2 protein chains.
Amino acid sequence: MREAIPDQILTAAGALFYREGIRAVGIDRIIEEANVAKATLYRHFPSKDHLVAAYLQARHDRVIRSLEEVIEAEIAPRDAIKLIFERLHEKADSPEFRGCAFALAVAEHGDSERVVSVARTHKTMVRNIFSAIMSKADSGSQQASAHLSLLYEGALAIVAVGRDPSAVLIARDCALSVFDTAVFTKQPS
Amino acid sequence: MREAIPDQILTAAGALFYREGIRAVGIDRIIEEANVAKATLYRHFPSKDHLVAAYLQARHDRVIRSLEEVIEAEIAPRDAIKLIFERLHEKADSPEFRGCAFALAVAEHGDSERVVSVARTHKTMVRNIFSAIMSKADSGSQQASAHLSLLYEGALAIVAVGRDPSAVLIARDCALSVFDTAVFTKQPS
DNA sequence: GATAGAAGTAAGACCGGTCTGTCTCGGTTG
DNA sequence: CAACCGAGACAGACCGGTCTTACTTCTATC
């Protein structure tokens, strides 16, 4: 067995969901791509909604792990921010990039509590990543971290529609500028 | 006749598309809500894709007109920015707000050239609005206008998922800060 | 201004296709 | 033998889009 079956299904479903959209991809497409029987899929995921949530959860884990690596690496907060945006730029500079998977999923399944919940958790944790970085800069500005995540999400949204990855670099420059003024004008605690 | 039939259809379709999603709303729902026969709909809009594009176009016209009013009003650039974000906050502070209709549409129909084209045009024009405001501030910083639209889109994206309209106010504060530093550090032309 | 015809409309049957989800069957593997 | 699996038929609903039928409304011509 090359791979556990649930992962096999999630891999196929995830690629299709992100590339073509969730509603646009039927169960039949997924089981064909995953080389799996329909009953097998429904044994592991009781409904398509569950499968979508699991796909988002897997993506969430992956993205957050990648961001936490940046935090755990002992690099200066300013460079961490730079790195995060430049990693995003790399991803955005690819024809198959379609924007934030969680925003896409909520756009299609905004009425599914299961889906929205994972997406919200993800956004909250991304904000917390920026918050952690800013607190390492010993300028406890929670405001600045909110600004950074705003720029991060804005870059994702603009690239999703306009497909021009340079927006991410512009966001990076603005983020660094926000960081600098936040640190420069920091309040003594 | 209370209203031209195409507008009647567009009104019903627009409300349903935005509220529940484009793929989630079938033609039957639209014609029922618009009190119109199916053949009538297809006489005015040759396909659902055309109808979606027309819905986006109508929304585009409305939003851009509202933004241009801000420009044409003789108010200071800084106040114009403030006003734009506070108007967005008003809209976001409503249970039926679901985020940027164009981002939602692209998420669902990213492969439709007709749909993507309207969405891209919209995003470009929004950026141009900020650009026009910044050039009135006689600091020709195109960079700052890009930052402003980044914050604008970020606020839309975050509210779309998190449903917390206060993100728009945070974006406003950041935008004003960006504006101030851009004007303060402007280059002599 | 009356009238014939063209055009627009509502209502809904209908078509072929696709959707999610269930079920059966027969094979394979531990 | 028991649990899982692939393949696929099947159900019931819904999809976008076409077409028919009967009715209304507008328009052009006399």
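Ala, Val, Leu, Ile, Met, Phe, Trp, Tyr, Cys and Pro count as nonpolar, Asp, Glu, Lys and Arg as charged, and the others as polar. Keep that in mind for the two DNA surfaces of this predicted model.

Start with DNA strand D. It is surrounded by 16 residues. They divide into seven nonpolar, five polar and four charged. The closest are A:Thr40, A:Arg43, B:Ile27, B:Lys38 and B:Lys48. Both chains supply helices here: α3 of chain A and α3 of chain B each give at least two residues. The most come from α3(A), with four residues.

Which part of strand D meets the protein? Of its atoms within 4 Å of the protein, 60% belong to sugar or phosphate, and the rest to bases. Several backbone atoms of the protein reach phosphate oxygens of this strand. For B:Ile27 the distance is 2.7 Å. For A:Ala37 it is 3.1 Å. For A:Asn35 it is 3.2 Å.

Now turn to DNA strand C. Here 17 residues lie around the strand, and A:Ile27, A:Lys38, A:Lys48, B:Thr40 and B:Arg43 come nearest. Sugar and phosphate make up 54% of the strand C atoms within 4 Å of the protein. Seven of the surface residues are nonpolar, five are polar and five are charged.

Side chains take part at strand C. A polar side-chain atom of B:Thr40 sits 2.8 Å from a phosphate oxygen. For B:His44, the side-chain distance is 3.4 Å. B:Ala37 uses a backbone N or O atom instead, at 3.0 Å from a phosphate oxygen. The elements giving two or more residues to this surface are α2 (27–34) and α3 (38–44) of chain A, plus α3 (38–44) of chain B. Of these, α3(B) gives the most, with four residues.

Terms used. Residues numbered from 1 in each chain as written. Chains lettered and ligands numbered in written order. Predicted model: local features only at pLDDT ≥ 70, side-chain atom pairs only at ≥ 80, totals over all residues. Heavy atoms only, no water. Near = heavy atom within 4 Å. Polar contact = N/O pair within 3.5 Å; in protein donor to acceptor, adjacent residues only side chain to side chain.
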